[in-house]
Amino acid sequence: YKRITVKTLVDMKANGDKISMLTAYDYTMAKIVDGAGVDVILVGDSASNVMAGHETTLPITLDQMIYHAAGVVRAIERSLVVVDLPFGSYQSDPKEALRSAIRIMKESGGHAVKLEGGKEVKESIKRILNAGIPVMGHLGLTPQSIYKFGTYTVRAKEEEEAHKLKEDALMLERIGCFAIVLEKIPAKLAQEVAESISIPVIGIGAGNGVDGQVLVLHDMLGMTHEFHPRFLRRYMNLYEDMTNSISQYVKDVKAVDFPNDEEQY
Ligand code: KIV
Ligand code: NA
């Protein structure tokens, strides 16, 4: 698959090819992620945590999301860039949702938007889709509703919530979303949802019965280290490697070892 489009992703599901997705929030990291062959780059509102140090995703603004997304878009040659609509930019009414999505498309150059929720945000999603902007849904653990949930534990373990989630997924497909993220729900439920619709289901903490996987880049690289959910596979321990490199630099400076004769003019 050369340049990835929303159409490519639906074809990938039909062909049984799994979709890889990672977050990125800046030019330099996005260049590496795109070059490594990741299909979808998500400019997640997890930037609120990872980039800005907030405890939740709620504080990040639309302007800040656009700043992150614009840097990512400048870096990519192949990946599809999906940008999260931040909390407060789409919940009040469908017109506001469309205005926010238009700002993301015009000002960042992203290729699609993602927003959290099912039937509560149906009219907003329809508005955005009517303007020709592709929408990715997000169900299960939706971090913008953390104050309603009270915890970040697994969602939809009870029948009532599982039923609503299945209905919401069908609805998102019916109105025209090109894909759905399922976050932190039982693997069996996620697989059922993936098998019930023809648009791709990308999981995070949703097992391997889905059509693709997403992780937060800084978590999978091991740059963050105070966060150990079961679903997180760490491919590196960059926290340790970076700490060692940086403390070595400090030692070298103090010892007047750096710069050496070859490192000066
Ligand atoms: O913001 C984010 O990083 C996300 C993913 C975890 C799906 O929404
Ligand atoms: Na998000």
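**Getting started**

Let's begin with helix α9: the cover over its buried residues includes α8, β6 and β7. Helices here are DSSP runs of H or I with at least four residues, strands are E runs of at least two, and both are numbered from the N terminus. Everything below comes from a predicted model, where local features need pLDDT of at least 70, side-chain atom pairs count only at pLDDT 80 or more, and totals for chains, interfaces and linings use all residues. Residues are numbered from 1 along each chain as its sequence is written, while chains are lettered from A and ligands numbered from 1 in the order in which they are written.

**Confidence**

Task: find what pLDDT the protein averages.

Solution: pLDDT is the predictor's confidence in each residue, from 0 to 100. The average comes to 98, and 100% of the residues score at least 70. For the model scores, read off ipTM 0.99 and pTM 0.98.

**The faces of α9**

Task: work out which residues of α9 are buried and which are exposed.

Solution: start with the cut-offs: buried takes 20 or more other C-beta atoms within 10 Å of the residue's own, exposed takes 12 or fewer, and partly exposed is in between, with C-beta atoms placed from the backbone. On that count, L189, A190, V193 and A194 are the buried residues of α9. Around the axis they cover an arc of only 135 degrees, so they sit on the same side of α9. (The arc is that of the directions from the helix axis to the C-beta atoms.) Turn to the other side of α9 and you meet K188, E195 and S196, which are exposed.

**Where α9 sits on the barrel**

Task: describe the barrel and say which strands α9 touches.

Solution: first trace the closed barrel, whose 8 strands run β1-β2-β3-β4-β5-β6-β7-β8 with parallel pairing. From one strand to the next, the twist averages 25 degrees. Two strands pair if DSSP finds at least two bridges between them. Now zoom in on β6 and β7 (residues 201-204), which run parallel and are joined by 4 bridges. I180 has V201 in β7 as its bridge partner. Finally, add the helix: α9 packs on the sheet, touching β6 and β7, and its direction makes about 165 degrees with that of β7. Contact means C-beta atoms, placed from the backbone, within 7 Å. Angles run from 0 to 180 degrees between N-to-C directions, using axes fitted to C-alpha atoms, for helices over the stretch in contact.

**Sizing up α8**

Task: compare the reach of α8 with the expected one, then sort its residues.

Solution: the expected span is 1.5 Å times one less than the number of residues. With 17 residues (159-175), α8 reaches 24 Å from first C-alpha to last, close to the 24 Å expected. Its buried residues are L165, D168, A169 and L172. Seen down the axis of α8, they fall within an arc of 105 degrees, so they line one face of the helix. E159, E160, H163, E167 and R174 are exposed on the other side. The cover over the buried ones includes β5 (135-140), β6 (179-183) and α9 (187-196). Just past the helix, G176 takes a positive phi of about 120 degrees.

**Doing it again with α5**

Task: name the buried residues of α5 and the elements they pack against.

Solution: list A97, L98, S100, A101, I104, M105 and S108 as buried. They cover an arc of only 165 degrees around the axis, which puts them on the same side of α5. K95 and K106 are exposed on the other side. The buried set packs against α4, β3 (80-84), β4 (112-114) and α6 (122-130). Right after α5 comes G109, with a positive phi of about 80 degrees.

**Unusual backbone spots**

Task: find where A156, V256 and P259 lie and what their backbone does.

Solution: most residues other than glycine have a negative phi, and most peptide bonds are trans. A156, in the loop between α7 (146-149) and α8, has a positive phi of about 60 degrees. A156 is buried, because 23 other C-beta atoms lie within 10 Å. V256 lies in the segment after α11, and its phi is near 50 degrees. V256 counts as exposed because it has 8 C-beta neighbours inside 10 Å. P259 is also placed in the segment after α11 (238-254), and the peptide bond from F258 to P259 is cis, with omega near -5 degrees.

Methods. Contact = placed C-beta atoms within 7 Å.
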